[in-house]
Amino acid sequence: MLNTPRSCRGMVTSPHHLASQAGLDVLKAGGTAIEAAVATAAALAVVYPHMTGIGGDAFWLTMWPDGRVETIDACGAAAGKADAAFYHAAGHDTIPWRGPLAANTVAGTVSGWEMALSWSHAMAPGLPLGRVLRDALYYAEQGVPVTAGAAEITRQKVEELKDVPGFAAQFMPGGKLPQAGDILHNPRLAATLRQLADEGLSSFYRGTVARELAADLEALGSPLTLADLQAHRATHQPALHARIHGADLYNMAPPTQGVASLLILALFDRLKAANADDFDYLHGLVEATKQAFRYRDTHVGDPAYMTVQAQDILDDRKALDRMAASIDPNKAAPWPWQSQQGDTVWLGVIDSDGLAVSMIQSLYFEYGSGVVLPRTGVVWQNRGTSFGLDPQGWNGLQPGRKPFHTLNPAGARFEDGRTMVYGTMGGEGQPQTQAALFTRYARYGMPLQRAITAPRWLLGRTWGESSVSLKYEDRFNPEVIARMSAAGHQMERVAPFSSIMGHAGALVRHDSGLLEGATDPRSDGCVAAW
């Protein structure tokens, strides 16, 4: 897949083709890019349930035609009952990865939809919420074909998920593993989406839906309560920004790793690399990643507990110069460092007015906690398993604390007038994939789709992986790989196209109004355009 789709009226990209088309249909119906993003996100919650759902968290980066860049933090906090004593009393020294005890943070996704739609409605009257959620409702009620990727992930994870409350009943009907092409229904989720359409999205936190969610969570043994849902609000945050040659870059503030994504690009901007995908390019980006991850893992978490401001390092040119100068151009720095994992979807929308949305939502692990709530059909996230039980430690569990997030939607404005939104799923790989696709396109002039299709690498682990080697897709020049090994990188070859490298996407709007889009051949996605 190398051809870059182009259009002028509107464009959507996501990791599932039905979700992209749902968003495009909203644009065709007169909706804004924000409304189309909600439609796409809602559809993904149904057609890509192993990667995302309304029981997870989300982050928005919105680039307005007048030059403003705004973000939404729709991350839920730890339950009021969630502390070390709660888990110790249940016989656990760590937070379980699956099951009701893993469902310990509020799901913020729907609050992000609500805030984003309020912005859209302030600009234009907007479509009825039922219209925005129409396709998601249809697929939940009438069914959607299971993807090959979902079938394979379910097979891989069945032993740790099959006994989690509600999982087998929803995703293994009749006790059988799903196969690609099987039709998946979730009528309970359809009913929940219909309630939200009728009562408003706030019902998820302070209405009928909230009461149903809370009753199920309590009955199953989760520490979450109705009071936790009622206390939740999405927040409007300033975007992080960094300046490089020819462009201004934007990303999410903590508790996300957005600062790491920007640091990689800011550091690489200071390094010499004549050509994409040669040794200097690959080595330089990997070493910049190590510098960025060390900063991230030392400082980034819930901003209420941080001792530094993430924007400060991005504004400190001397500090960035020192970090870049510390990179040995010929030798790999020691690794590993603490690593993260997670499952996610990224989507992008640009409408005919030039409003651009970069949005990412997640359940954390594949299928999150695995818990499917019986009244609502909602799969609940396990983002809070990233907490440690030492309340004073990095990302230590405390009631009301937000967990560290790998999620980070990205955007850029170029000096020549182009606007770009881009992102990916993939936990630890998100900043690295962002760096690969952005630099190939922006610094080296590679066509957008080729920049995403080209071989990628991953330092550390991501979903389904525990090793922290430098993994690379088996399409790089062997001489480059040999030089990387000689420089001290612990190289590990993977398949030519590997899903561990994430499901990336990107959209660009030129000053002329021309739109370009790209989707990842490693996913089930497409670019939908008109």
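Let's start with charges: the count for this predicted model comes to 24 salt bridges. We'll visit a few of them, then move on to the cores and the rings.

**Stop 1: Arg 134 and Asp 25**

Select Arg 134 and Asp 25 and show their side chains. They form a salt bridge, with 3.9 Å between the closest N and O atoms. Now colour by sequence position: Arg 134 belongs to helix 6 (residues 134–142) and Asp 25 to helix 1 (residues 17–28), so this contact links distant parts of the chain, 109 residues apart. Switch on a surface if you like. Arg 134 counts as partly exposed because its relative accessibility is 38%, and Asp 25 is partly exposed too, at 29%.

**Stop 2: Glu 160 and Arg 98**

Next, pick Glu 160 and Arg 98. Their side chains meet in a salt bridge at 2.9 Å, N to O. Glu 160 sits in helix 7 (residues 148–161), while Arg 98 is in the loop between helix 3 (84–89) and helix 4 (109–123); the two are 62 residues apart. Buried or partly exposed: which is Arg 98? With a relative accessible area of 12%, Arg 98 is buried, since the cut-off for buried is under 20%. Its partner Glu 160 has 35% and is therefore partly exposed.

**Stop 3: back to helix 6**

Stay with helix 6 and select Glu 141, then add Arg 194. These two form a salt bridge, the closest N and O atoms being 3.4 Å apart. Arg 194 comes from helix 9 (residues 187–199), and the pair spans 53 residues. Both ends are partly exposed: Arg 194 has a relative accessible area of 34%, and Glu 141 has 36%.

For a network, select Arg 456, Glu 473, Arg 475, Asp 520 and Arg 522 together. Salt bridges that share partners join these five residues.

**Stop 4: the nonpolar cores**

Hide the charges and look inside. The largest nonpolar core has 99 residues. Which members touch the most others? Select Ile 34, Ile 54, Trp 60, Trp 113, Phe 204 and Trp 380 to see them. Then highlight helix 2 (residues 33–47), which gives the most to this core, with 13 residues.

Apart from that core lies another, of 66 residues. To find it, select Ile 244, Leu 262, Tyr 441 and Ala 487, which are among its members.

**Stop 5: the rings**

Across the whole structure there are 17 aromatic pairs. A good one to zoom in on is Phe 414 with Phe 438, a stacked pair at 5.9 Å centre to centre, with 15° between the planes. It counts as stacked because the planes are under 30 degrees apart. Phe 414 lies in strand 12 (residues 410–414) and Phe 438 in helix 17 (residues 430–442), 24 residues apart. Both rings' residues are buried: Phe 414 has 9% relative accessibility, and Phe 438 has 2%.

Then select Phe 268, Tyr 281, Tyr 444, Trp 457 and Phe 476, a cluster linked by ring pairs.

**Last stop: charges over rings**

Finish where charge and ring come together. Select Arg 9 and Trp 530: the charged end of Arg 9 sits over the ring of Trp 530, 3.7 Å from its centre. Then jump to Arg 296, whose charged end sits over the ring of Phe 293, 4.0 Å from the centre.

Note on methods:
Residues are numbered from 1 along each chain as its sequence is written. This is a predicted model: local features need pLDDT of at least 70, side-chain atom pairs count only at pLDDT 80 or more; totals for chains, interfaces and linings use all residues. Side-chain values use heavy atoms; hydrogens and water are left out. Rings of Phe, Tyr and Trp (its six-membered ring) pair if their centres lie within 6.5 Å; planes under 30 degrees apart count as stacked, over 60 as edge-to-face and the rest as tilted. Helices (H or I, at least four residues) and strands (E, at least two) are DSSP runs, numbered from the N terminus. Buried means under 20% relative accessible area, exposed over 50%, partly exposed in between (1.4 Å probe, protein chains only). A charge sits over a ring if NZ of Lys or CZ of Arg is within 6 Å of the ring centre and within 35 degrees of the ring normal. A nonpolar core is a set of buried Ala, Val, Leu, Ile, Met, Phe, Trp, Tyr and Cys residues joined through side-chain atoms within 4.5 Å. A salt bridge is a side-chain nitrogen of Lys or Arg within 4 Å of a carboxyl oxygen of Asp or Glu.
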